[in-house]
Amino acid sequence: MNIKVLRMWSGEDVVSDIVAEDDDFLTLRNPIVAVPAGQGQVGFAPWAPLLKGKDIELRVQKAYVVYVSEVQESIEEQYTDMFSVIKTPAKSGLIL
């Protein structure tokens, strides 16, 4: 997975798996958008909630993207948990 955060012209912060790129477009899989959840918390919702199903790919014109950057490790872990078919246990100490 190539999980990145994209700032859109609209001001949205979109977290997505970027699966392809050409001169004019980015192809995104499973884009989610950060939404305020109160008390300084951030939640996530589908960026395009009316799309059918999961693992949908969207082509987005680069002209509408302000920047693309690395995402915080904790956000990447959440994203992977949401969309991965393989579930990994939470990181913790040694199990005896």
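Is E70 buried or exposed in this model? E70 counts as exposed, because its relative accessibility is 57%. For this talk, buried means under 20% relative accessible area, exposed means over 50%, and partly exposed lies in between, with a 1.4 Å probe and protein chains only.

Colleagues, a word on the source. This is a predicted model, in which local features need pLDDT of at least 70 and side-chain atom pairs count only at pLDDT 80 or more, while totals for chains, interfaces and linings use all residues. Residues are numbered from 1 along each chain as its sequence is written, and side-chain values use heavy atoms, with hydrogens and water left out.

Let me begin with the salt bridges. A salt bridge here is a side-chain nitrogen of Lys or Arg within 4 Å of a carboxyl oxygen of Asp or Glu. The count by this rule is 6 salt bridges. One of them joins K4 to E70, with the closest N and O atoms 2.3 Å apart. K4 is in strand β1 (residues 3–8) and E70 is in strand β6 (residues 65–70), so this pair links distant parts of the chain, 66 residues apart. Strands, I should add, are DSSP runs of E with at least two residues, helices are runs of H or I with at least four, and both are numbered from the N terminus. In contrast to E70, K4 counts as buried, because its relative accessibility is 15%.

I turn next to R29. Which residues are linked with R29 in a network of salt bridges? They are D17 and E57. Between R29 and D17 the closest N and O atoms are 3.8 Å apart. That pair connects strand β3 (residues 25–38), which holds R29, with strand β2 (residues 13–21), which holds D17, across 12 residues. Between E57 and R29 the N to O value is 2.5 Å. Because E57 lies in strand β5 (residues 57–61) and R29 in strand β3, this second pair ties together parts that are 28 residues apart in sequence. The three members of the network can be set out by accessibility. D17 counts as buried at 5%, R29 as partly exposed at 25%, and E57 as partly exposed at 42%.

The strand pairing gives the setting for this network. Two strands are taken to pair if DSSP finds at least two bridges between them. Strands β2 and β3 run antiparallel and are joined by 6 bridges; they form a hairpin with 3 residues between them. Within this pairing, D17 stands opposite R29. Strand β3 also pairs with β5 in the antiparallel sense, over 5 bridges, and there T27 stands opposite R59. R59 has a further role in the picture: it lies over the face of F25, at 4.0 Å from the ring centre. The rule for such a charge is that NZ of Lys or CZ of Arg is within 6 Å of the ring centre and within 35 degrees of the ring normal.

Strand β3 has another antiparallel partner in β4, over 6 bridges, where V33 has A45 as its bridge partner. Strands β3 and β4 form a hairpin with 2 residues between them. Q39 in that turn has a positive phi of about 50 degrees, and this residue is exposed, with a relative accessible area of 82%. Another non-glycine residue with a positive phi is N30, at about 55 degrees. N30 lies in strand β3 and counts as buried, at 8% relative accessibility.

Both R29 and N30 are touched by S16, a residue of strand β2. S16 counts as buried, at 0% relative accessibility. A polar atom of the S16 side chain lies 3.1 Å from the backbone oxygen of R29. With contact meaning heavy atoms within 4.5 Å, and not counting residues up to four places away in sequence, S16 also touches Y79, among others.

Y79 brings me to the rings. Rings of Phe, Tyr and Trp (its six-membered ring) pair if their centres lie within 6.5 Å; planes under 30 degrees apart count as stacked, over 60 as edge-to-face and the rest as tilted. By this rule there is 1 aromatic pair. Why is the pair of Y79 and F83 tilted? The ring centres of Y79 and F83 are 4.8 Å apart and the planes stand at 50 degrees, so the pair is tilted. Because Y79 and F83 are 4 residues apart in helix α1 (residues 73–83), about one helical turn separates them. Both Y79 and F83 are buried.

How values were computed:
A polar contact is a pair of N or O atoms within 3.5 Å; within protein, one must be able to donate a hydrogen and the other to accept it, and residues adjacent in sequence count only if both atoms are side-chain atoms.
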